[in-house]
Amino acid sequence: MLDAKYVRTHPEEVAKCLLKKHYTLDVGALNALEEQRKSLQVRTEQLQAERKSGSKAFGKARSQGDDIAELKAKMDTLNGELKASEQMLSDCQQALNDLLLGIPNLPDASVPEGAGEDDNQQVRTWGTPKTMGFDVKDHVDLGERYGLDFETGAKLSGSRFALLRGPIARLHRALAQFMLDTQVGEHGYEEVNTPYLVHDHVLQGTGQLPKFGDDLFVTDCEEAAQPLYLIPTAEVTLTNVVREQIVCASELPIKLTAHSPCFRREAGSYGRDTRGMIRQHQFEKVEMVQIVHPEHSFEALEAMTGHAEAILQKLELPYRVMALCGGDLGFGAAKTYDIEAWLPGQQKYREISSISNCLDFQARRMKARFRNPQTGKPELVHTLNGSGLAVGRTLVAVLENCQDEQGRIHVPEALKPYMGGMTVIG
């Protein structure tokens, strides 16, 4: 959430910045609500002042034994007007707050211009895609013989679900374990095991609600006091660890990682990536989150991107890093790097990780702060999140890049300690 005062006082400037994200701010509606709020606030404060002075006069008249019938009638009328004015002010403030909750984060000045993914800018590449002297298979054809079962997944749960068994299930688990061990042991993250069901205000804190409600799975349980949502990413739970807290500056940065399932309805993606594991309703990720001092968030963004890249380098998988343009930037992000792994089966690079700096956008929604030791006052932290990596998509990259002419999968050297002595699948 943007600073409400700044948005109200500089709506034209905010609207201009948001054009880079191809978002049109309704300045007229914003200004109208703000004028209404000001008018109602003035009216409410006037009525409160009248009630205060009227209460004094009423008390004095009653103590002197005067006739208070007329005063009482006036006070009753005044109280009714005040109650109505307070309710209108509350409704207006709620409408203004709802409008503010729907405004995306402002893009950083370094974000390139562009309307969509075709305008993203390549920052660097690593590795060279192999030249394979045989007909390359995609992960669906490769995985079927080793336990990648979409037919049973669909029978159990419908489309966009997969069942993994045997060596494919083992390889998937090995990847998640390897990612966690790397992020914890080499990059200094604290491992966290988080809930998979959360309250709506938790999702509002990281920006999934109210804008992306259609993409979430929600429970409907009569025994629950309120609905619980399945997490779309562990970013939600890890970032909300500091919700409504004032942490010590000496505690920063807070670096957290978690391996979790992720649940997404993929609303609006029908017809896209229907084959295979690229876009599923249920998948797993090793998520990274950092809570940092505002002065260090862009430094942390570069470091986190490196932490995600390290996994692909250890697996010897070619990839490229892309700086997202304004039109492809996420709702809460001020700047994002996508890491795209090379998939021989598709002959293209596909996103395998997205690392974003959200500045104080999420922190303001969560009321997450640190105490500045110089001023003694609380200030908003900055939050960052990124995949380190998406496990299913990394499995796809391993299958396709490590295949041979016979359709066997050669286990990457980094994964061999996790595979119980297995060096080749097939």
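**Notebook: Asn 385, helix 6 and the helix 2/helix 3 pair**

I looked up Asn 385 and found that its side chain makes a polar contact with the side chain of Glu 235 at 3.3 Å (a pair of N or O atoms within 3.5 Å, of which, within protein, one must be able to donate a hydrogen and the other to accept it, residues adjacent in sequence counting only if both atoms are side-chain atoms). I note that this is a predicted model, in which local features need pLDDT of at least 70 and side-chain atom pairs count only at pLDDT 80 or more, whereas totals for chains, interfaces and linings use all residues. Residues are numbered from 1 along each chain as its sequence is written, and side-chain values use heavy atoms, with hydrogens and water left out.

I placed Asn 385 in strand 15, residues 382-390 (strands are DSSP runs of E, at least two residues, and helices are runs of H or I, at least four, numbered from the N terminus). Asn 385 is buried, with a relative accessible area of 7% (buried means under 20%, with a 1.4 Å probe and protein chains only). Leaving aside residues up to four places away in sequence, I found that Asn 385 touches several residues, including Glu 287, Met 304 and Cys 358 (heavy atoms within 4.5 Å).

Next I checked helix 6, residues 150-157, whose N-terminal end is capped by Asp 149, with a side-chain oxygen 3.1 Å from the backbone nitrogen of Glu 151. Just after helix 6, I read a positive phi of about 105 degrees at Gly 158.

Last, I saw that Pro 11, Glu 12 and Ala 15 of helix 2 meet Val 27, Leu 30 and Asn 31 of helix 3.

Terms used. Buried means under 20% relative accessible area, exposed over 50%, partly exposed in between (1.4 Å probe, protein chains only).
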